Amino acid sequence: MSRLKQSQNIDRLIESIQSVLKNQCSLSDMDIKILNETIVSLESLRKKKGKTNEQILTETAKAIELLTKFFLRS
């Protein structure tokens with residue numbers, strides 16, 4: 001996947017998570033914390049250039065793990 005497409009996908013995911021945070025008043029404090037951690041992880045992935053594929057996969061796995069925690073809590 002090209003870097004541009006990857007950045008666009010990350011941006012859309014961040015925007016979607018921010019939308020959930022903004023529009024869902026029924027989120028618990030833990031849910032909010034998990035979603036914010038996910039955003040921080042994704043922003044870190046988006047900002048750093050020159051990452052190896054392994055680093056990108058590790059950061060992506062971390063974000064997926066956090067989102068999994070969120071959905072399993074719901």
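The legends below describe an overall view and several close-up views of a predicted model of one protein chain.

**Figure 1. Overall fold of the protein chain.** The chain has three helices and zero strands, and its elements follow the pattern α-α-α along the sequence. The C-alpha trace spans about 40 × 20 × 15 Å along its principal axes. Of the 74 residues, 26% count as buried. Among contacts in the chain with a separation of 6 or more, 57% are accounted for by residues 24 or more positions apart.

**Figure 2. Confidence along the model.** The mean pLDDT of the protein chain is 87, and 97% of the residues score at least 70. Helix H2 (residues 29-47) has the highest mean pLDDT among the elements, at 91. The lowest mean among the elements, 88, belongs to helix H3 (residues 53-73).

**Figure 3. Surface and charges of the protein chain.** The exposed area is about 5400 Å², of which carbon and sulfur atoms supply 55%. The chain carries 13 positive and 9 negative charges. The mean positions of these two sets are 5 Å apart.

**Figure 4. The largest nonpolar core.** This core has 14 residues. Those with the most contacts inside the core are Ile 10, Ile 14, Ile 17, Leu 35, Leu 42 and Phe 70. Helices H1 (3-23), H2 and H3 each supply at least two residues of the core.

**Figure 5. Surroundings of Ile 14.** Ile 14 is one of the residues with the most contacts inside the largest nonpolar core. With neighbours within four places in sequence left aside, Ile 14 is in contact with Ile 39, Leu 42, Glu 43 and Arg 46. Of these partners, Leu 42 is also listed among the core residues with the most contacts inside the core.

**Figure 6. Phe 70 in helix H3.** Phe 70 is found in helix H3. This residue counts as buried because its relative accessibility, 7%, is under the 20% cut-off. Leaving out residues up to four places away in sequence, Phe 70 touches Leu 27, Asp 31, Ile 34 and Leu 35. The C-alpha atoms of Phe 70 and Ile 32 are 8.9 Å apart in space, while the two residues are 38 residues apart in sequence. Phe 70 and its partner Leu 35 both appear among the residues with the most contacts inside the largest nonpolar core.

**Figure 7. Thr 38 in helix H2.** Thr 38 lies in helix H2. At 0% relative accessibility, Thr 38 falls under the 20% cut-off and therefore counts as buried. Apart from neighbours within four places in sequence, the contacts of Thr 38 are Ile 17, Ala 63, Leu 66 and Leu 67. One of these, Ile 17, is listed with the core residues that have the most contacts inside the largest nonpolar core.

**Figure 8. Ser 41 in helix H2.** Ser 41 is found in helix H2. Its relative accessibility is 3%, so Ser 41 counts as buried under the 20% cut-off. Ser 41 touches Glu 59, Lys 62 and Ala 63, not counting residues up to four places away in sequence. Ala 63 is also in contact with Thr 38.

**Figure 9. Gln 6 in helix H1.** Gln 6 has its place in helix H1. A relative accessible area of 15% is under 20%, so Gln 6 counts as buried. Gln 6 and Leu 45 are 39 residues apart in sequence, and their C-alpha atoms are 9.9 Å apart in space.

Key:
Residues numbered from 1 in each chain as written. Predicted model: local features only at pLDDT ≥ 70, side-chain atom pairs only at ≥ 80, totals over all residues. Heavy atoms only, no water. Helix = DSSP H or I, 4+ residues; strand = E, 2+ residues; numbered from the N terminus. Buried < 20%, exposed > 50% of the residue type's maximum accessible area, 1.4 Å probe, protein only. Contact = heavy atoms within 4.5 Å. Areas by Shrake-Rupley, 256 points an atom, 1.4 Å probe, with all protein chains shown as cover. Lys, Arg positive; Asp, Glu negative; His and termini not counted. Charge placed at Lys NZ, Arg CZ, Asp CG, Glu CD. pLDDT = per-residue confidence, 0-100. Core = buried A, V, L, I, M, F, W, Y, C linked by side-chain atoms within 4.5 Å.
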